[in-house]
Amino acid sequence: GELLLTSISNDGMMKGYDIKNLIKISKISEIPIIAAGGAGKKEDFTNLINKTGITSFSGSSIFHFTRETPITIKKYLESKSYLCRR
């Protein structure tokens with residue numbers, strides 16, 4: 001299974017993931033984590049990966065309120081040498 005962690009404080013705010021708490025939880029969890037709540041720009045995804053090591057995440061507001069799409073995010077991550085599912 002996986003653990004879906006949503007930051008209620010960051011959800012919908014588009015100011016980035018709750019890196020501080022995600023780092024704490026990822027250090028003690030043996031269960032893979034899916035980060036949710038906060039993505040507002042494509043750099044938020046690479047920031048999450050680089051600072052926490054978490055490579056699974058969700059996004060919602062970024063797709064509703066910006067011109068980003070799941071495809072543009074995948075292309076951005078691939079341009080930074082991250083593997084993405086197709």
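The following conversation goes through the core, the aromatic rings and the largest pocket of a predicted model.

Q: Before we start, what sort of model is this, and which residues count?
A: The model is predicted: local features need pLDDT of at least 70, side-chain atom pairs count only at pLDDT 80 or more, and totals for chains, interfaces and linings use all residues. Residues are numbered from 1 along each chain as its sequence is written, and side-chain values use heavy atoms, with hydrogens and water left out.

Q: How many residues are in the largest nonpolar core?
A: That core has 15 residues. A nonpolar core is a set of buried Ala, Val, Leu, Ile, Met, Phe, Trp, Tyr and Cys residues joined through side-chain atoms within 4.5 Å. Those with the most contacts inside the core are Tyr17, Leu22, Ala35, Phe45, Leu48, Ile54 and Leu77.

Q: Which elements supply at least two residues each?
A: Helix H1 (19-28), strand E2 (33-36), helix H2 (43-52) and helix H4 (70-79) do. Helices (H or I, at least four residues) and strands (E, at least two) are DSSP runs, numbered from the N terminus.

Q: How many aromatic pairs are there?
A: A search of the whole structure finds two. Rings of Phe, Tyr and Trp (its six-membered ring) pair if their centres lie within 6.5 Å; planes under 30 degrees apart count as stacked, over 60 as edge-to-face and the rest as tilted.

Q: Why is the pair of tyrosine 17 and phenylalanine 45 edge-to-face?
A: Their planes are at 65°, with the centres 6.0 Å apart, so the pair is edge-to-face. Tyrosine 17 is in the loop between strand E1 (3-6) and H1, and phenylalanine 45 is in helix H2, 28 residues apart.

Q: And phenylalanine 45 with phenylalanine 57?
A: That pair is tilted, at 4.9 Å centre to centre and 45° between the planes. Phenylalanine 57 lies in strand E3 (residues 56-57) and phenylalanine 45 in helix H2, so the pair ties together parts 12 residues apart in sequence.

Q: Is phenylalanine 45 buried or exposed?
A: Phenylalanine 45 is buried, with a relative accessible area of 1%, whereas phenylalanine 57 is partly exposed at 23%. Buried means under 20% relative accessible area, exposed over 50%, and partly exposed in between (1.4 Å probe, protein chains only).

Q: New topic: which element gives the largest share of the lining of the largest pocket?
A: H4 does, with four residues. On a 1 Å grid over the protein atoms alone, a pocket is an open set of points where a 1.4 Å probe fits, with protein on both sides within 12 Å along at least five of seven lines; lining residues have an atom within 4 Å of a point.
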